[in-house]
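Open the model in your viewer and keep the selection panel at hand. The tour below goes from one chain pair to another and ends at a single side chain.

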There are 4 protein chains.
Amino acid sequence: MSELNDRTRTSSGFYVTKEAPIQSDNPVPTPAAAPPDILRCAYMELVVTDLAASRAFYVDVLGLTVTEEDDEVIYLRSLEEFIHHNLVLRKGPVAAVAAFSYRVRSPEDLDRAVAFYTELGCRVERNPNGFVKGIGDSVRVEDPLGFPYEFFHDVEHVERLAWRYDLYTPGALVRLDHFNQVTPDVPRAVRHYQDLGFRVTEDIQDDEGTVYAAWMRRKPTVHDTAATGGDGPRMHHVAFATHEKHNILAICDKMGALRISDRIERGPGRHGVSNAFYLYILDPDGHRVEIYTQDYYTGDPDNPVVTWDVHDNQRRDWWGNPVVPSWYTEASLVLDLDGNPQPVIARTDTSEMAATIGADGFSYTREDDGDKGFKIGNQL
Amino acid sequence: MSELNDRTRTSSGFYVTKEAPIQSDNPVPTPAAAPPDILRCAYMELVVTDLAASRAFYVDVLGLTVTEEDDEVIYLRSLEEFIHHNLVLRKGPVAAVAAFSYRVRSPEDLDRAVAFYTELGCRVERNPNGFVKGIGDSVRVEDPLGFPYEFFHDVEHVERLAWRYDLYTPGALVRLDHFNQVTPDVPRAVRHYQDLGFRVTEDIQDDEGTVYAAWMRRKPTVHDTAATGGDGPRMHHVAFATHEKHNILAICDKMGALRISDRIERGPGRHGVSNAFYLYILDPDGHRVEIYTQDYYTGDPDNPVVTWDVHDNQRRDWWGNPVVPSWYTEASLVLDLDGNPQPVIARTDTSEMAATIGADGFSYTREDDGDKGFKIGNQL
Amino acid sequence: MSELNDRTRTSSGFYVTKEAPIQSDNPVPTPAAAPPDILRCAYMELVVTDLAASRAFYVDVLGLTVTEEDDEVIYLRSLEEFIHHNLVLRKGPVAAVAAFSYRVRSPEDLDRAVAFYTELGCRVERNPNGFVKGIGDSVRVEDPLGFPYEFFHDVEHVERLAWRYDLYTPGALVRLDHFNQVTPDVPRAVRHYQDLGFRVTEDIQDDEGTVYAAWMRRKPTVHDTAATGGDGPRMHHVAFATHEKHNILAICDKMGALRISDRIERGPGRHGVSNAFYLYILDPDGHRVEIYTQDYYTGDPDNPVVTWDVHDNQRRDWWGNPVVPSWYTEASLVLDLDGNPQPVIARTDTSEMAATIGADGFSYTREDDGDKGFKIGNQL
Amino acid sequence: MSELNDRTRTSSGFYVTKEAPIQSDNPVPTPAAAPPDILRCAYMELVVTDLAASRAFYVDVLGLTVTEEDDEVIYLRSLEEFIHHNLVLRKGPVAAVAAFSYRVRSPEDLDRAVAFYTELGCRVERNPNGFVKGIGDSVRVEDPLGFPYEFFHDVEHVERLAWRYDLYTPGALVRLDHFNQVTPDVPRAVRHYQDLGFRVTEDIQDDEGTVYAAWMRRKPTVHDTAATGGDGPRMHHVAFATHEKHNILAICDKMGALRISDRIERGPGRHGVSNAFYLYILDPDGHRVEIYTQDYYTGDPDNPVVTWDVHDNQRRDWWGNPVVPSWYTEASLVLDLDGNPQPVIARTDTSEMAATIGADGFSYTREDDGDKGFKIGNQL
């Protein structure tokens, strides 16, 4: 996130700034305890209501590799992964997210996680045997924003299948890329995740300083997670990476062939934010999965923060194709540590959808242009 | 076009049939004279209102090669072409199409063209020096459907630049692929173009036998031209081919970078019809250009005709992404041989847009499924 | 093939000419009978010595679709094909080619084929039930050059699987593209195949007029078959097309993963001749298969014939990568109509390998450059 | 590098181990001083003998962006870079490398660099204004292996052009990926660079423990630099990344079109080591440039180290295509801090070329297979 009065307009129409201290009316306190040293987003645990249907989606359609499975749980990984899994599908009564799990640098970082969240007054649980198979000593918390976060270091190694081209499908998923969280107050979330060690890479704001979304990273890509403004805590999507753009198109083609094109929600397209090529699809429970490729290196400490004007019609899709309303409004519930859904709190700041679509909102293609840029919105 | 009672449903959800005699209430008579032997669609002559703006679009954005130009006319070709041009931009007061031009096999085919159209009572003009530079002896007609058709054989050869990779752009256009014509009565048009020697490869129908569109070829691709049901005669689009899908994505990316993403009308996407990958963009006058790649070989005389149900939500976009309304309603005027716009006659058959979108229409993703499949239409 | 004294040098370093009458010291007579109207190369019948090993190669590695199979024969097709097969694998004692099979426009063309070859004194057999499953009335001949040619029109239609993206592999083969025949006297072969209706698109010559190879087409691609100078009659390769270049790279990657990279003989690379992207691999019997994509349209009667200088180091590989010697010397036997291998007659003209590699030959990268261009040859 | 007795064979034919302490007969001492915290390889300074020829190669052929230039020096960057440059071309009498430059995390890391190398007895120079434009306070050293290493933090920011698709070429270079250094004693080099903070990701060894090459990283890719066994200190290559494989093929195609295909030294191909897609080309002075895409994430501290058997014919090219001898033997001189070439010391350990090619060496495609796998080597 960025100070609007210190930004530089680029030749591409967005702004770059330095990462700035976040202003929040209602900040989560910054603990005195040091945060754990997070390496990367590592896996998501999803509760699904029909395990067979979910398996068909993630294994048969998307081609994820089954590391291990039984009647209750399926452990899946991408082709370049060497840890036990990137996705856990657990059968349950209500579709939801049970954990956003991050790998930390060392076993000692689990102690740091306990201290960090304990100081914040959060509920913390530690399980030396892990909460799921393949993972050892783990800490799970209900974080100050209501999200179930997990931290672990110990993990079972499995074979990295990157060279096993005999196993590749046309839409091969090679890596877990990031999570995306829906939360009502984006600056509050960003400030807290900065305390946890995340760095902001891009955000969407308006001239009044309303923040609509922000992208934050540990590994040097555009993000390990993002805060999307909306009713929350909810999970917006989990994203897997492919090597090339044609791999993403192949997933669309296959979903057409399987006559499940109605599970393609948005895209494919080129993001403005992140500059990545993307696709959003929906699993049988409506959990949103992004397929993503080719963002950029962000690992320098002075990596320029990119700020997009919420009215820039190319911020979400560089080609100006519309964001479908469901993408703004729908998201998955998240669970507390007892497995019950967290209550959803409404966003009170302006919604990005309202700000940019239809009678109340506007967007532009060229900044000095009066024409509205939301192409389909003008027409339907 | 196909007999609905003799069709076979494929595992992909559409039908295959044999090409059938067309039923038309109001047929154009079949001349006794043999038609000219058409090789392929060869070039389109477009009237544009701002030659510099059009040059910026076709040369600077799309990368077509200028064979020759002056203050009034620009002659452009694609990288694999060896004839003088595939596109003529001529400055004029009203944006329109001056000619759909086809190359014929031999000089004698021009005599056949004269006889064929003369017998039909059409206005016919022959110019031994050609109507444009680079082309010799040519015949232009106002065809029975009101379209300005041209036929030529003699043409100036220029260098085929296919090996000149130093000239390629990321979105390189390598070949003119096809035309697309809007006409009120599709069966009438198809029957006439069959008389002219075209073969039907695909069509869109409903169970009542209404024909919404049909694709017709001379060279063994899915089409050299198509008849799209709507108010006409008008020109729906002219299409250029790229080698690969990423070339089409690169055009989108570049139009975003140039902040002209509002000139991306529809796509990119995968067609159901033709199985090609596509993009529709608009030139400064609103002439629609398709960028297209990877349809299939159709050159056998018994090539199966593919028939799509108008309610199949994947017929126009295999991924079920919506067809924007402007794509159904907007098209370019065509000129008579005096250079005046042909009057536009309204379609009286059901419109495809009405049949498939919104309150009056419906579409499906799975044939046995009650859910409507027009995803954005459901949401906006 | 071209008249060297009437050629034009292009900016890419090769020459274009018009197709010229072929000079041959020992021509096959031109029959008075009209040739059959050939549509395209349609399938090859290969004799293989280990049917299971061949199935593993063509089905498991390359992903061809099994239309039908039993203990003796496997019928395979590519994804965009609607006729019964593009490849027949028949178990037999000696690896060889039993038929180069072409589809003709009409049943009457079979009568023409009989008359044409009978007049030439060739052995001709006609089988109204076809020589293989899925094909009806067929004519097989031992052609004047010793090759087993087949012609058919009647064929069983099967589903064109082009839209079945759920069946695609990363290296999906979509179409049979061409054959390539090794024959000692290239001008003699070209002259004969012109009599059969083929058109020359490209060739390789030297300044003395020696012809090393020529490419000939019926469908409007660079070739349906080619004549490669060498000891013959033998089969050099059979080629399948992919949609994109990454599909070909995926086949290489998969062969690496399966630890059969020693069956990659040459490539991948960009051809000079044809401008296509290519790969040559070897099946378990050593039958050579090319994977090929993106040549250019050649359907106009005055399509410029491209002539490459045999010393141009980019003629066979546009990037100047070496042609391995086995590619010049190895080829498959062909069978007579009794199923016995045809005797192989040595080429007496200069061999392309000798003309361009090593102590006796030379090649250049830039025509005015003294440096030798055969990069690895200089080094090993 | 890895302990051979603790390795696990993968299903792909190579081995994985944990990173192990390096055994060296002649180790560089480990300083007590902490090393600087290196972020990534940042730029290389090349001395070139003909600045105009080098500009034509790096700007006109490869499309790098000129940040700044004068008659003596050209500063170039890739499209996703936000620091002043990734490559400096400086006119000079002898083609050589003046600096391998790394960016460090903070200004204080320069003090650490001074202390680290001073303790090692190396020549150290610090210039608070930088040794080149665009860079501030910098430290240059002659490292214990004879390489000119530079460290800096302060740098001028320039616009990251990632979104400027109007500037992209078909072979667009988006990022500096890595350096590669030739050094006689690989274990000695690896041990020293581990002291400097690098982590080993892959290596090539034989059963006797001879180490032929090792790859080392700071940023979480396969490498920021590599140590290749050979006469040194010399620079083997500098590598830039593209987004996709077709971008690399486009560079080959363009070099063919420009008739400089003799500057394509090796590839394109798929590496075994790193699993990346690659191409090696030579600039006008013979400096080797790699174009590289799609290796994998290596940022976890327990990232499995991959060890390749030097006799595995797929280690250097996954498709088994030959490594040309010049790739093993040729490399660029490196300069001392006075600008004089460092003397080159011969490797005394077995050379990889000798171990694997020709009469003295051998390689295999399948480990249990007696056949030699160096395909062209067997044939020429």
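How many residue pairs are in polar contact across the interface of chain C and chain D? The rule finds 22, counting pairs with both residues at pLDDT 80 or more; that confidence cut-off applies because this is a predicted model.

**Stop 1: chains C and D**

Stay with this pair and select the residues of chain C that touch chain D. The elements of chain C that each supply at least two residues to this side are α4 (245–257), β16 (264–270), α5 (325–329) and α7 (375–379). Of these, α4(C) gives the most, with six residues. Colour the selection by class: 15 residues are nonpolar, 11 polar and eight charged.

Now show both sides. Chain C and chain D contribute 34 residues each to the contact. About 3,200 Å² is buried between chain C and chain D, and carbon and sulfur atoms give 54% of that area.

Next, look for charged pairs. There are six salt bridges between chain C and chain D. To see a salt bridge at this interface, select C:Arg259 and D:Asp312, whose side chains meet at 2.7 Å, N to O.

**Stop 2: chains A and D**

Hide chain C and bring up chain A with chain D. Here 44 residues from chain A and 44 from chain D take part in the contact. The two chains bury about 3,700 Å² between them, with 51% of it on carbon and sulfur atoms.

Across this interface the rule finds eight salt bridges. Select D:Arg40 and A:Asp300 for a salt bridge whose closest N and O atoms are 2.8 Å apart. The polar contacts across the interface of chain A and chain D come to 29 residue pairs, both residues at pLDDT 80 or more. On the side of chain A that touches chain D, β3 (38–48) and β19 (305–309) are the elements that give two or more residues. By class, that side of chain A has 16 nonpolar, 12 polar and 16 charged residues.

**Stop 3: A:Glu290**

Keep chain A and go to strand β18 (residues 288–293), where A:Glu290 sits. Is A:Glu290 buried or exposed? A:Glu290 is buried, yet has no salt bridge. The nearest side chain of opposite charge belongs to A:Arg266, 7.1 Å away.

What does the side chain of A:Glu290 make polar contacts with? One partner is the side chain of A:His178, at 3.0 Å; another is the side chain of A:His237, at 2.9 Å. To fill in the surroundings, add further residues in contact with A:Glu290, including A:Phe240, A:His271, A:Tyr278 and A:Tyr280.

Notes
Residues are numbered from 1 along each chain as its sequence is written. Chains are lettered from A and ligands numbered from 1 in the order in which they are written. This is a predicted model: local features need pLDDT of at least 70, side-chain atom pairs count only at pLDDT 80 or more; totals for chains, interfaces and linings use all residues. Side-chain values use heavy atoms; hydrogens and water are left out. Helices (H or I, at least four residues) and strands (E, at least two) are DSSP runs, numbered from the N terminus. Buried means under 20% relative accessible area, exposed over 50%, partly exposed in between (1.4 Å probe, protein chains only). Lys and Arg count as positive and Asp and Glu as negative; His and the chain ends are not counted. A salt bridge is a side-chain nitrogen of Lys or Arg within 4 Å of a carboxyl oxygen of Asp or Glu. A polar contact is a pair of N or O atoms within 3.5 Å; within protein, one must be able to donate a hydrogen and the other to accept it, and residues adjacent in sequence count only if both atoms are side-chain atoms. Contact means heavy atoms within 4.5 Å. Buried area is the accessible area (1.4 Å probe) that two parts lose on being put together, summed over both. Ala, Val, Leu, Ile, Met, Phe, Trp, Tyr, Cys and Pro count as nonpolar, Asp, Glu, Lys and Arg as charged, and the others, Gly among them, as polar. Lists of a residue's contacts leave out its neighbours within four places in sequence.
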